[in-house]
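Please open the model in your viewer and keep the selection panel handy. We will go from one stop to the next, choosing a few residues each time.

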Amino acid sequence: MRTVPYQTVVDAVAELCVRACYELPEDVESALKAAREREESPVARQIFDEILQNAKIARGGELPLCQDTGVAVFLVKLGDAVRVEGGLVTDAINDGMRRGYEQGYLRKSLVKDPLRRVNTKDNTPAMIHVELVAGDTITIAMAAKGGGSENMSMCRVLPPSAGVEGVKKFVVDWVDQAGGNPCPPIIVGVGIGGNFEKCAFLAKKAVFRHVGEPNPDPFYADLERELLDRVNALGVGPMGLGGTQTALAVHIETMPCHIASLPVAVNIQCHSARHKEVVL
Amino acid sequence: MTGDRDTSTGDRVIRLTTPLTDEATRDLRVGDRVLLSGVIYTARDAAHARLVAAIEKGEPLPFDVDGQVIYFVGPTPAREGYAIGSAGPTTAYRMDAYSPTLIVLGLRGMIGKGARAAAVREAMQKHGCVYFGATGGAGALISQRITAAEVIAFEDLGAEAVRKLTVDEFPVVVVHDAAGGDLYQDGRARWKKTAS
């Protein structure tokens, strides 16, 4: 059994949080540049220029990309032949996140109670999803997920008769309704299958994928392309001011489901798609 | 007020200084690019709830809203030597329940992102208020136009506290004007493609 010291996890997570909030990932930046070239609206092209200019300023390390440095979401792949020595991996992640958000001058956006709304002052708790896998490494993927785009999420359990057309309609109508609220150009995460809670998680997992990396199943890769074309035909455009580039990508994640159900969830990621990963 | 035509977009670029006059706000039209200078105030969800509660109780407000502009923002903490941290707009519909009350008291401008409710737009038309859009997520870029920031109320709300900001040519676009114009609807209609 391999061991990783608790403090190693804390240090790695603190650095993940800071870097994620200042450095727009390369895949996102290239997708934005490519979309800017495809964009037909001059107003929308100006917005793309502002977004790219903003990324350049943030990379200097003094100002975060966006003031909403979000809920810190972690997808952890914990090997069955590794253990964290000195404490729980989830505690180490919360400790690291707390330190990163303080040292990086990041905004603390969480409240202790959903109705009584008093800020936790340290951005805890992180939203942590741990998956047990074979091996002796710990992979930690982090996303700083902002509230504006997260609020434009939706989950529905359709009847199986709705089929692929029902899924397409649900996704496209929902992006249309979300309009400029989630800070387009967006990445549309779609979860299909599982049950009520699993499909929401699949949609979140889908926004963690590298931008534009297609689903390995050609059937779903085709569906992703079709949905992207249909979403971009809506005319919503960057910041909702009109344009041909509403989304940079549509990512679909699936899993088996009940004979009676067709769960579908949409989780929207804004253009400031702050993701970072570390393997320990 | 200057009103140059920007030849690259066909839209006007207008420089305005706060507080805004009725004449200035009534003249603005959707698509106009505006560079705002002077003092603006920040308030978002929790601060709006407190402002409106104070109005309902007849208590004084931390600033006189007449002619003023409210920016919906919750900035990141400022580093030493900086006036403010990253400071882009937050989604505006969450303030829809509160904005009409402030518009009645003379609020002349709001800065945010995303569309507003019908009740807000009706109040805007009746009283001559404008809703400006700023680019969401461009918080680092926008903060460079903010030269001073001071918390003036609700310090306990942290990022949500009310701040008095001094801005220099803060770039916004008119999204909903006082004549009922809607840039979201216009922009979408212009670029929407019918299914093949």
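Start by selecting residues 71-79 and 138-145 of chain A: these are strands β2 and β5, which run antiparallel and are joined by eight bridges. To see one of these pairings in this predicted model, pick Leu75(A), whose bridge partner in β5(A) is Ala141(A).

Now widen the selection to the whole sheet. Four strands of chain A make up an open sheet with mixed pairing, in the order β4-β2-β5-β10. Colour β4 (127-133) and β10 (275-279) of chain A separately: each has a single partner strand, so one side of each is left without a neighbour in the sheet. If you look along the sheet, the twist from one strand to the next averages 15°.

Which helices should you add? Show residues 89-103 of chain A, helix α4, which packs on the sheet and touches β2, β4 and β5 of chain A. The direction of α4 makes about 145° with that of β2(A). Then add helix α7 of chain A, residues 196-208, which also packs on the sheet, with β2, β4, β5 and β10 of chain A in contact; here the angle to the direction of β2(A) is about 90°.

Next, bring chain B into view. How many residues does each chain give to the contact? Chain A gives 45 and chain B gives 46. Between them, about 3,600 Å² is buried, and carbon and sulfur atoms give 54% of that area. Select Gln67(A), Tyr105(A) and Leu241(A): they supply 20% of the area that chain A buries against chain B, more than any other three residues.

For the polar side of this interface, zoom in on Asp176(A) and Arg188(B), whose side chains meet in a salt bridge at 2.6 Å, N to O. The count of salt bridges between the two chains is two, and 20 residue pairs across the interface are in polar contact. Helix α3 of chain A (residues 42-59) gives the most to the side of chain A that touches chain B, with 10 residues. By class, that side has 20 nonpolar, 19 polar and six charged residues.

The last stops are about the backbone. Most peptide bonds are trans, and most residues other than glycine have a negative phi. Select Pro184(A) and Pro185(A), which are joined by a cis peptide bond with omega about 10°; Pro185(A) lies in the loop between α6 and β7 of chain A. In chain B, the bond from Thr18(B) to Pro19(B) is cis, with omega near -5°, and Pro19(B) sits in the loop between β2 and α1 of chain B. Finish at Asn123(A), in the loop between α4 and β4 of chain A, where phi is positive, near 65°.

Notes. Residues numbered from 1 in each chain as written. Chains lettered and ligands numbered in written order. Predicted model: local features only at pLDDT ≥ 70, side-chain atom pairs only at ≥ 80, totals over all residues. Heavy atoms only, no water. Pairing = 2+ DSSP bridges. Helix = DSSP H or I, 4+ residues; strand = E, 2+ residues; numbered from the N terminus. Axes fitted to C-alpha atoms, helices over the stretch in contact; angles between N-to-C directions. Contact = heavy atoms within 4.5 Å. Buried area = accessible area lost by both parts, 1.4 Å probe. Salt bridge = Lys/Arg side-chain N within 4 Å of Asp/Glu carboxyl O. Polar contact = N/O pair within 3.5 Å; in protein donor to acceptor, adjacent residues only side chain to side chain. Nonpolar A, V, L, I, M, F, W, Y, C, P; charged D, E, K, R; others polar.
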